[in-house]
Amino acid sequence: MKYKITIEEMVSEDFLVEADDMEGALKIAERKYSDGEFVLTPGNLFCKQICGQCLENNDCKEWYEF
C-alpha cells in the first residue's frame, strides 16, 4: 500500500522592535518578516508533528507530536 506522510514543524525566534504601541510593533515585525529582515533560524525548533493517510483506502492517522 502507499501512504502519504506529512510532517509539520514549528520554529520560533524572538526579535526586538521599537514602537509606540503593541499594534505598531506587530505591524513593524510583519513588514520586516515579509521583507526578509526577520528570518527564523531552522535550529530553533519549537515542536514537530506528523500524520499519515493511506492513499488506497483514504484511512487517516491523526496528527501527533513526535
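In this predicted model, the protein chain carries 7 positive and 15 negative side chains, and the centres of these two sets of charges lie 7 Å apart. The surface that the protein chain exposes amounts to about 5900 Å², of which carbon and sulfur atoms supply 50%.

Turning to the fold, the protein chain is built with one helix and three strands, which follow one another along the sequence in the pattern β-α-β-β. Its radius of gyration is 18 Å, well over the 11 Å that the globule rule gives for 66 residues, so the protein chain is more spread out than a compact globule. Of the 66 residues, 12% count as buried, and among the contacts between residues at least 6 apart in sequence, 60% join residues that are at least 24 apart.

The table gathers some overall values for the protein chain.

| Property of the protein chain | Value |
|---|---|
| Box filled by the C-alpha atoms, along the principal axes | roughly 55 × 20 × 20 Å |
| Radius of gyration | 18 Å |
| Exposed area | about 5900 Å² |

One residue can be followed in more detail. Leu-45 belongs to strand S2, which covers residues 45-54, and, leaving aside residues up to four places away in sequence, Leu-45 touches Glu-9, Met-10 and Val-11. Is Leu-45 buried, partly exposed or exposed? Its relative accessibility is 39%, and because partly exposed residues lie between the limits of 20% and 50%, Leu-45 counts as partly exposed. Cys-60 stands 15 residues from Leu-45 in sequence, while the C-alpha atoms of these two residues are 25 Å apart in space.

Note on methods. Residues are numbered from 1 along each chain as its sequence is written. This is a predicted model: local features need pLDDT of at least 70, side-chain atom pairs count only at pLDDT 80 or more; totals for chains, interfaces and linings use all residues. Side-chain values use heavy atoms; hydrogens and water are left out. Helices (H or I, at least four residues) and strands (E, at least two) are DSSP runs, numbered from the N terminus. Buried means under 20% relative accessible area, exposed over 50%, partly exposed in between (1.4 Å probe, protein chains only). Contact means heavy atoms within 4.5 Å. The radius of gyration is taken over C-alpha atoms; the globule rule is 2.2 Å times the number of residues to the power 0.38. Accessible areas come from the Shrake-Rupley method with a 1.4 Å probe; for residues, only the protein chains shown count as cover. Lys and Arg count as positive and Asp and Glu as negative; His and the chain ends are not counted. The place of a charge is taken as NZ of Lys, CZ of Arg, CG of Asp or CD of Glu.
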